[in-house]
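I opened this model to look up its strands, its core and its aromatic rings. The entries below are in the order I made them.

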Amino acid sequence: MNLPPKVTDRAFARLAEIGAADQGQALRVAVEGGGCSGFQYEIALDAPKTDDLVLEGQGEKVVVDEVSLPFLENAVIDFTEELIGARFTIENPNATSSCGCGTSFSM
């Protein structure tokens, strides 16, 4: 049984802050080949598609396409604010290693 990714309240709150749902947008989290570790995350605002997994909270949506879903099994999508900047992050228990940028990983 594949467990879908989880989205933190902080990530949904940030989407509400930027008004994503008001613009008909959701946070799209995808996995693509490339990056310095083999796979990389693509995170962007996008309109939900019919075959997406939709995760909802606080009136906002996070979507994952069916190809990316196995790579994100049981991952946690969060939003962090640090001295170096604010960004959406992914804590992925399936990744065997990742690079320093946090957007590239291997399995």
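These notes go from the overall chain to the sheet, the helix, the core and the ring pairs.

**Entry 1: the chain as a whole**

I noted at the start that this is a predicted model. I counted one helix and nine strands in the protein chain. Reading along the sequence, I wrote the pattern down as β-α-β-β-β-β-β-β-β-β. The chain has 107 residues, and 36% of them count as buried. I then looked up the accessible surface, which comes to about 6,100 Å², with 51% of it belonging to carbon and sulfur atoms. For contacts between residues at least 6 apart in sequence, I found that 54% join residues at least 24 apart.

**Entry 2: the three-stranded sheet**

In what order do the three strands of the open sheet lie? I read the order as β1-β6-β7, with mixed pairing. The edge strands are β1 (6–7) and β7 (85–91), each of which pairs on one side only.

I took the parallel part next: β1 and β6 are joined by two bridges. In this part, Lys 6 has Val 76 of β6 as its bridge partner.

The antiparallel part is β6 (residues 76–82) with β7, and I found seven bridges between them. These two strands form a hairpin, with two residues between them. I looked up two of the partners in β7: Asp 78 is bridged to Thr 89, and Phe 79 to Phe 88.

**Entry 3: the helix**

Helix α1 (residues 9–17) lies across β1, β6 and β7. I noted its angle to β6 as about 70 degrees. I picked Ala 13, which lies in this helix, and checked how far it is covered. Ala 13 counts as partly exposed because its relative accessibility is 30%, between the limits of 20% and 50%. I also took a C-alpha distance from helix to sheet: Ala 13 and Phe 79 are 66 residues apart along the chain, and their C-alpha atoms are separated by 8.9 Å.

**Entry 4: the nonpolar core**

Which residues have the most contacts inside the largest nonpolar core? They are Val 29, Val 62 and Leu 72, in a core of 18 residues. I traced where this core comes from: α1, β2 (26–33), β5 (60–64), β6 and β7 each supply at least two of its residues.

I followed Val 62 further, leaving aside its neighbours within four places in sequence. Its contacts include Val 7, Phe 12, Leu 15, Val 29 and Ile 77. Leu 53, Val 54 and Leu 55 are also among them.

**Entry 5: aromatic pairs**

How many aromatic pairs does a search of the whole structure find? I got two. Phe 39 and Phe 71 form a tilted pair, at 4.9 Å centre to centre and 45 degrees between the planes. This pair links distant parts of the chain: Phe 39 is in strand β3 (residues 39–46), and Phe 71, 32 residues apart from it, is in the loop between β5 and β6. I looked up the cover of each ring residue. Phe 39 is partly exposed, at 25% relative accessible area, and Phe 71 is partly exposed, at 23%.

Phe 79 and Phe 88 form an edge-to-face pair, at 5.0 Å centre to centre and 65 degrees between the planes. I found both Phe 79 and Phe 88 buried. I had already listed Phe 79 and Phe 88 as bridge partners.

How values were computed: Residues are numbered from 1 along each chain as its sequence is written. This is a predicted model: local features need pLDDT of at least 70, side-chain atom pairs count only at pLDDT 80 or more; totals for chains, interfaces and linings use all residues. Side-chain values use heavy atoms; hydrogens and water are left out. Two strands pair if DSSP finds at least two bridges between them. Helices (H or I, at least four residues) and strands (E, at least two) are DSSP runs, numbered from the N terminus. Contact means heavy atoms within 4.5 Å. Axes are lines fitted to C-alpha atoms, for helices over the stretch in contact, and angles run from 0 to 180 degrees between N-to-C directions. Buried means under 20% relative accessible area, exposed over 50%, partly exposed in between (1.4 Å probe, protein chains only). Accessible areas come from the Shrake-Rupley method with a 1.4 Å probe; for residues, only the protein chains shown count as cover. A nonpolar core is a set of buried Ala, Val, Leu, Ile, Met, Phe, Trp, Tyr and Cys residues joined through side-chain atoms within 4.5 Å. Rings of Phe, Tyr and Trp (its six-membered ring) pair if their centres lie within 6.5 Å; planes under 30 degrees apart count as stacked, over 60 as edge-to-face and the rest as tilted.
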